[in-house]
Amino acid sequence: MTSDPNFAVGATLTLPCQFCGAWNRVKSQRVLDRPKCGECKKPMLLDRPFPLTDATFARVIAEAGIPVIVDFYADWCGPCKAMAPELDSFARKHAGSAFVGKLDTDRNQATAQQFNIRGIPTMIRFASGAKTTEQSGALRLAEIEKFAGV
Ligand SMILES: [Zn+2]
């Protein structure tokens with residue numbers, strides 16, 4: 001198990017399947033077990049930052065039983081690329097305690113505008129459906145952990 005303060009036994013995440021779009025409820029401590037979509041049976045791929053969109057963002061955040069860290073990024077952004085492996089490591093290391101999402105700010109401008117994203121990468125931490133903290137700039141693993149409170 002883990003000593004992470006955010007770890008919550010029985011907490012769930014509600015996530016759209018990346019293949020068929022069906023919504024699935026997944027136990028947050030099982031994200032590394034390659035859960036399958038209940039609809040199309042394809043793997044959910046939850047061991048890495050999960051792509052969120054304007055269409056899925058609000059529900060994922062609202063129904064998450066553990067804190068969600070969202071990386072607001074763009075494909076052309078060098079510092080975003082530099083931070084990606086650090087964020088991948090964070091997602092695996094703290095699976096079950098914090099969930100990592102990513103939002104392409106070019107393709108999902110409504111959400112980026114809603115949170116007033118001016119520079120990227122920007123990370124926002126959400127807990128119980130509400131924004132708790134925000135930080136801009138590329139971070140290393142230890143800094144992401146500090147930001148996430150894990
Ligand atoms: Zn599916």
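Good morning. I begin inside the sheet, where Phe72 stands opposite Leu103 in β5. These two residues belong to a pairing in which six bridges join β4 to β5, and the two strands run parallel. I should say at once that what we are looking at is a predicted model.

Let me stay with β5, residues 99–104. Strand β5 also pairs with β3, again in the parallel sense, over three bridges. In β3, Pro51 stands opposite Lys102 of β5. How enclosed is β5 by the rest of the structure? Five of its six residues are buried, so the strand is largely enclosed.

I turn next to helix α2. This helix covers residues 78–93, which makes 16 residues, and it reaches 24 Å from its first C-alpha to its last. That span is close to the 22 Å expected at 1.5 Å a residue. The helix nevertheless has a kink of about 35° at Ala84, shortly before the proline Pro85. Which residues of α2 are buried? They are Cys80, Met83, Leu87, Phe90 and Ala91. The elements that cover these buried residues include the strands β4, β5 and β6, together with helix α4, residues 141–148.

Strand β6, residues 122–127, has now come up as part of that cover. Its own partner is β7, residues 130–136, to which six bridges join it in the antiparallel sense. The two strands form a hairpin with two residues between them. At the hairpin, Ala127 stands opposite Ala130 in β7. Within the turn, Ser128 has a positive phi of about 50°.

Ahead of β6 there is a loop that deserves a moment of attention. This loop follows α3, residues 109–114, and it contains Pro121. The peptide bond between Ile120 and Pro121 is cis, with omega about 0°. Asn116 lies in the loop between α3 and β6 as well. Phi of Asn116 is near 55°, a positive value in a residue other than glycine. Asn116 is partly exposed, because its relative accessible area is 46%.

A further positive phi is found at Arg34, about 50°, although Arg34 is not a glycine. Arg34 is placed in the loop between β2 and β3. With a relative accessibility of 48%, Arg34 also counts as partly exposed.

That brings me to the metal site. Which atoms coordinate the zinc ion? The donors are the SG atoms of Cys17, Cys20, Cys37 and Cys40, at 2.3 to 2.4 Å. Along the chain, these donors follow the spacing C-x2-C-x16-C-x2-C. Distant parts of the chain are thereby linked: Cys17 is in the loop between β1, residues 12–16, and β2, residues 23–27, while Cys40 is in the loop between β2 and β3, 23 residues apart.

Why is the arrangement called tetrahedral? The four donor atoms subtend angles of 105 to 115° around the zinc ion, which makes the arrangement tetrahedral. For reference, the ideal angle for four tetrahedral donors is 109.5 degrees.

Is Cys17 buried or exposed? Cys17 is buried, with a relative accessible area of 5%. Cys40, by contrast, counts as partly exposed at 26% relative accessibility. Cys20 also counts as partly exposed, at 39%. Cys20 lies in the loop between β1 and β2. Leaving out residues up to four places away in sequence, Cys20 touches Cys37, Glu39 and Cys40. For a distance across the chain, the C-alpha atoms of Cys20 and Asp54 are separated by 17 Å, with their positions 34 residues apart in sequence.

My last residue is Thr56, in the loop between β3 and α1, residues 57–63. At 12% relative accessibility, Thr56 counts as buried, because the cut-off is under 20%. What does Thr56 contact, apart from its neighbours within four places in sequence? Thr56 is in contact with Pro16 and Trp23. Thr56 and Pro16 are 40 residues apart in sequence, and their C-alpha atoms are 7.3 Å apart in space.

Thank you; I am glad to take questions.

Terms used
Residues numbered from 1 in each chain as written. Predicted model: local features only at pLDDT ≥ 70, side-chain atom pairs only at ≥ 80, totals over all residues. Heavy atoms only, no water. Donors = N, O, S within 2.8 Å, 3.2 Å for Na, K, Ca; no water. Tetrahedral: all angles 85-135°; square planar, octahedral: opposite > 155°, others 65-115°. Helix = DSSP H or I, 4+ residues; strand = E, 2+ residues; numbered from the N terminus. Buried < 20%, exposed > 50% of the residue type's maximum accessible area, 1.4 Å probe, protein only. Expected span 1.5 Å × (residues − 1). Bend = angle between axes of the 7 residues up to and from the residue. Contact = heavy atoms within 4.5 Å. Pairing = 2+ DSSP bridges.
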